[in-house]
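Welcome, and please have your viewer ready. We will move from one selection to the next, with a short note on what to look for at each stop.

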Amino acid sequence: MGKVANQIAGGNLSDRVLQCGGLSDELGELVCNFNRMASRLEANRDEMNVLHSRLEDKVRERTSALEIANRKLRESDRQKSEFLATISHELRTPLTSITAYAEILVDSGSIEPEKRARFLSIINTEAARMSRLITDLLSLERIENGMARWQASAFDLREVVKAAAAVLGPALAEKRMHLSFTMLEAQPVLADADRIQEVLTNLLGNALKFCRPNGHIGIALQHVSASGPRNASGDYVRIEVIDDGPGIPPEDRDQIFEKFYQGANTRGRHSGVGLGLAISREIILHHKGEIWLELPQTGGTVFCFTLPRHSTAIEFQSKVLEESYTPA
Amino acid sequence: MKAKKILVCDDEPYILESVGHVAHTEGFEVITSDNGEEVLQIAHRELPDLIILDISMPRKDGNTVCRELKSAADTKKIYVIVLTALGRECDMHESYLSGADEYLTKPFSPRHLRSRIHAVLD
């Protein structure tokens, strides 16, 4: 028993005192209780070991969760500083023109009238660009943070297409662009009409911006049974804005819907701040549709988006609408 | 005396025009370019007395242009004023490390730019 007690004291809890048969005296009882004590100790130790290892697992789990959270925070921090740097650059660019031309005009008393008019009009244009940047930023920020107010109503998408085309009418006319529609049947949707019109205005505006004068832009509406590249099945309306412009170079295609992305070789050559497509994507995603880019072999660019088709019957005048429209 | 030559490079057309206007009204010959690749070619061909260079440009950024100018025998003596919207200290260090002689930030004052041009060229 002394040997076993020594073993137990040394941490080996599995040894037991062998009972020499029929010990019924006090010594036998002591051996019995000693063994029971050793078993209890062993069981407690085993239980403790299990708890200990569970605790370690838990600590490991929590640590790795914290590490992931930490990484995410660092990444979002990095994105935030990058975003701020981009915004400050994007704001500084028009501001630079505004302050430079203003100072030039203040300082030059005898500047030619044409120059004066041109510089004033640049100040005007760049002030508008700054203002649009701020409006777009706030709008995108509200949508991304779920703070935007949406007003859903049921309408025929053809009406909104017409409204967007009308807004751009003067600009289309100025560039002598030809605009055509393929909208055979009514396309009922339940959506925020103003926001959908904003998407269409953005896409039409891009087509107008990048096409050569006398170019062609087409808008086609179609009832389809899948949402687009993600291929969710259901009743959808597919809207295509087709242009015969220069297309989009391969290096820009993946990033074209990202904030402030303006295309590696288009920056500075076209007005705009690179938020239109980012906002459009948020709007379409909010409506559970998809938006993507297609580049036909024949050239040009096709922007497509889908919206769930509104299933409940709405009384639409189902007049046939296939027409061409050349702005006066 | 032949007018001294200033080469201006910026990818923002209005800013390019404003800097060009400032240099031109001071009586200098002005050449403009809207990208970093072209500005290098022009620099080697025209050997201007001063280059006013933007940093953030597509294809080839201003710091790369500056390094290439300063490492070529025919262009390394040309004075380079960087004019950029990048305003952080680390951006300035990078431009100086690339060999820029002077660093101005946007928005800029045409008055100040005019006096810097004269300080360099007169």
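For every helix pair on this tour, axes are lines fitted to C-alpha atoms, for helices over the stretch in contact, and angles run from 0 to 180 degrees between N-to-C directions. Helices (H or I, at least four residues) and strands (E, at least two) are DSSP runs, numbered from the N terminus. This is a predicted model, in which local features need pLDDT of at least 70 and side-chain atom pairs count only at pLDDT 80 or more, while totals for chains, interfaces and linings use all residues. Residues are numbered from 1 along each chain as its sequence is written, chains are lettered from A and ligands numbered from 1 in the order in which they are written, and side-chain values use heavy atoms, with hydrogens and water left out.

**Stop 1: where the chains meet**

Select helix α2 (residues 26–107) of chain A together with helix α1 (residues 13–25) of chain B. Their axes come within 9 Å and cross at roughly 30 degrees. That makes α2(A) roughly parallel to α1(B); angles under 35 degrees count as roughly parallel, over 145 as roughly antiparallel, 65 to 115 as roughly perpendicular and the rest as oblique. Now show side chains, with contact meaning heavy atoms within 4.5 Å. From α2(A), the contact uses Thr93(A), Thr96(A), Ser97(A), Ala100(A), Tyr101(A) and Ile104(A), and α1(B) brings Tyr14(B), Ile15(B), Glu17(B), Ser18(B), His21(B) and Val22(B). Sorted by type, these residues are 6 nonpolar, 5 polar and 1 charged. Here Ala, Val, Leu, Ile, Met, Phe, Trp, Tyr, Cys and Pro count as nonpolar, Asp, Glu, Lys and Arg as charged, and the others, Gly among them, as polar.

**Stop 2: the next partner of α1(B)**

Keep α1(B) and add helix α5 (residues 110–121) of chain B. The two pack at an angle of about 50 degrees, with their axes 10 Å apart, and are therefore oblique to each other. Which residues make the contact? Val19(B), Val22(B) and Ala23(B) come from α1(B), and Pro110(B), Leu113(B), Arg114(B) and Ile117(B) from α5(B). This set divides into 6 nonpolar, no polar and 1 charged.

**Stop 3: strands of chain B**

Zoom out to chain B as a whole, and you will find 5 helices and 5 strands, running β-α-β-α-β-α-β-α-β-α from the N terminus on. Select strand β3 (residues 50–53) of chain B. Is each face covered or open? Both are covered: Leu50(B) and Ile52(B) on one side and Ile51(B) and Leu53(B) on the other are all buried, meaning under 20% relative accessible area, with exposed over 50% and partly exposed in between (1.4 Å probe, protein chains only).

Next, add strand β1 (residues 5–9) of chain B, which pairs with β3(B) in the parallel sense over 4 bridges; pairing requires that DSSP finds at least two bridges between two strands. Leu7(B) has Ile51(B) as its bridge partner in β3(B). Then add strand β4 (residues 79–84) of chain B, also parallel to β3(B) and joined over 4 bridges. Look there for Val82(B), the bridge partner of Leu53(B).

**Stop 4: a serine in chain A**

Finally, go to chain A, with its 8 helices and 8 strands, and select Ser280(A) in helix α8 (residues 276–286). At 0% relative accessibility, Ser280(A) counts as buried. Leaving aside neighbours within four places in sequence, Ser280(A) is in contact with Val199(A), Asn202(A) and Ile291(A).
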